[in-house]
Amino acid sequence: MDTIQHLLDAFFSFKAYVMLPAIIFIIALAVRLPFKKSLLSTVELAVGFAGVFIAFDFFVANIKPAVEQLMVMRGLNYTILDVGWPPLAAITWSSPLAALSIPLVLFMNIAMLALGWTRTVYIDLWNYWHFALIGALVMATTGSMLWGLSATLLLAVYCFKMTEWTAPDVEREIGLEGVSASPVSVNGIVPYTACVNWLFDRIPGFNRLSYNPEKAAATHDTPAEEDGSTPTHKMTWLAFFSEPMVIGVLIGLVLAVAAGYDTKKTLELAVHIAAVMFLLPKSAGLIGEAMAPITHALRAQVERRFPSRKNLVVALDTGFLMSHKSVIVTGLILMVLAVAIALVLPGNRVLPLGDLPNLISVMSISVLMFRGNVLRAVLAGIPVIVTFLLISTHLAPLYTELANQTSGFDAEGLGTITAFTDGGHQVRYLLFELYQGNLWAIGGLMALLAMMVVTWRRFKRLTANR
């Protein structure tokens, strides 16, 4: 067991943008994609993911001081520090069940594919830690590895189905067939989004309102005339305010002014955030281009061997979704709202910092389910933020205790820690409380199952003609 744990530690010591492309390269060769094409796609994938990570790191480095300065100006002293996902990953991989979680989840995925219970091929090994985290938490509180592993598999099966049921939205909005998002943090709110969207459709007047930066930009980017000349047209204000760079400038200015920055630092922050908003879609576009031939080859090989297994869906991290303007704009707006809500929410003791940019990823699939309508996505995102804050606050003592017992994360001097989004994940929290024997969690589980039925019916309608 120690040997397996050491191998796992070594494996997951690599950055996701190194490890995942390496896995994809092996898969590309296995499905008989030509070597040169496999290598080029792998390099594009690595560069795309690295670009997303670099942009996010740069974003955090710039926005964190502004948020901290804002807290100082308001005289606030939050007792819980949002350090992001690293301590949660460290807790997971130091748990004794981590070594068993990966082969069990892989076996579950293969078994469900063979039995026709899912069409999801979950190759995103990096994000397996999201499944194993619930197992580590359950095992730490109940003392039972069996309970922990069962919780891990339950969450994995849930994600397999949510990935499958959102593939039509990715194909419609992004143009990529047979691909959808893998992380638990994204899939967790899919049933909620399906139900909220159903409700929005039935509100007179509101159901006609739409702000879709992706469509506004597409409308502005009219093709050249038949004679090759560039058409003359004016950019509308809607198209102007649909550009993520413009939204980035405005949000940078708002944050800088709220934090009391001088003119120099204000303008620098505005430009830095605008730069991130420009670079993210470019990097995401590379990921989509790289995965297209590999996905098609993988599906062709599986369908050749198993003719009854049609329309397979490859589960990937959300980096490829950052090319959609509505995803970027929604995430930016919700980040500002998250800080504002954290300042006034009763019972909250955490100010979003380390996990704040993760809101772009968390809401990405939901934005596509709303057909790129930012108005709907932002309104739906507010309850998501509120629950993130309250749950991450509630579980902070447990995360801190386990992190202090973990050699893979240095928690000294940090005080009480948590992770705003990953630490406040609603479905993971529901399962955790269910395994603690809390009766209210049974009612929550029934509500989740009912919302999953709504999501399944929606999926059936979207794929009725396929």
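What follows is a short look at the overall make-up of the chain and at one of its sheets.

The model is a predicted one, and its protein chain carries 19 helices alongside six strands. Of the 466 residues in the protein chain, 55% come out as buried. On the outside, the accessible surface of the protein chain adds up to about 20,400 Å², with carbon and sulfur atoms accounting for 66% of that area. As for how the protein chain is wired, take the contacts between residues at least 6 apart in sequence: 81% of these link residues at least 24 apart.

Now for the sheet. Three strands make up an open sheet, lined up in the order β2-β4-β3 and paired in parallel fashion. The edge spots go to β2 (120-122) and β3 (179-181). Each of these two has just a single partner strand, so one side of each goes without a neighbour in the sheet. Going from one strand to the next, the twist averages 35 degrees.

Zooming in on one of the pairings, β3 runs parallel to β4, which spans residues 313-316, and three bridges hold the pairing between them. One residue match can be picked out here: S180 has A315, in β4, as its bridge partner.

The sheet also has a helix laid over it. Helix α7, covering residues 145-174, lies across β2, β3 and β4. Relative to β3, helix α7 runs at about 120 degrees.

Terms used: Residues are numbered from 1 along each chain as its sequence is written. This is a predicted model: local features need pLDDT of at least 70, side-chain atom pairs count only at pLDDT 80 or more; totals for chains, interfaces and linings use all residues. Side-chain values use heavy atoms; hydrogens and water are left out. Two strands pair if DSSP finds at least two bridges between them. Helices (H or I, at least four residues) and strands (E, at least two) are DSSP runs, numbered from the N terminus. Axes are lines fitted to C-alpha atoms, for helices over the stretch in contact, and angles run from 0 to 180 degrees between N-to-C directions. Contact means heavy atoms within 4.5 Å. Buried means under 20% relative accessible area, exposed over 50%, partly exposed in between (1.4 Å probe, protein chains only). Accessible areas come from the Shrake-Rupley method with a 1.4 Å probe; for residues, only the protein chains shown count as cover.
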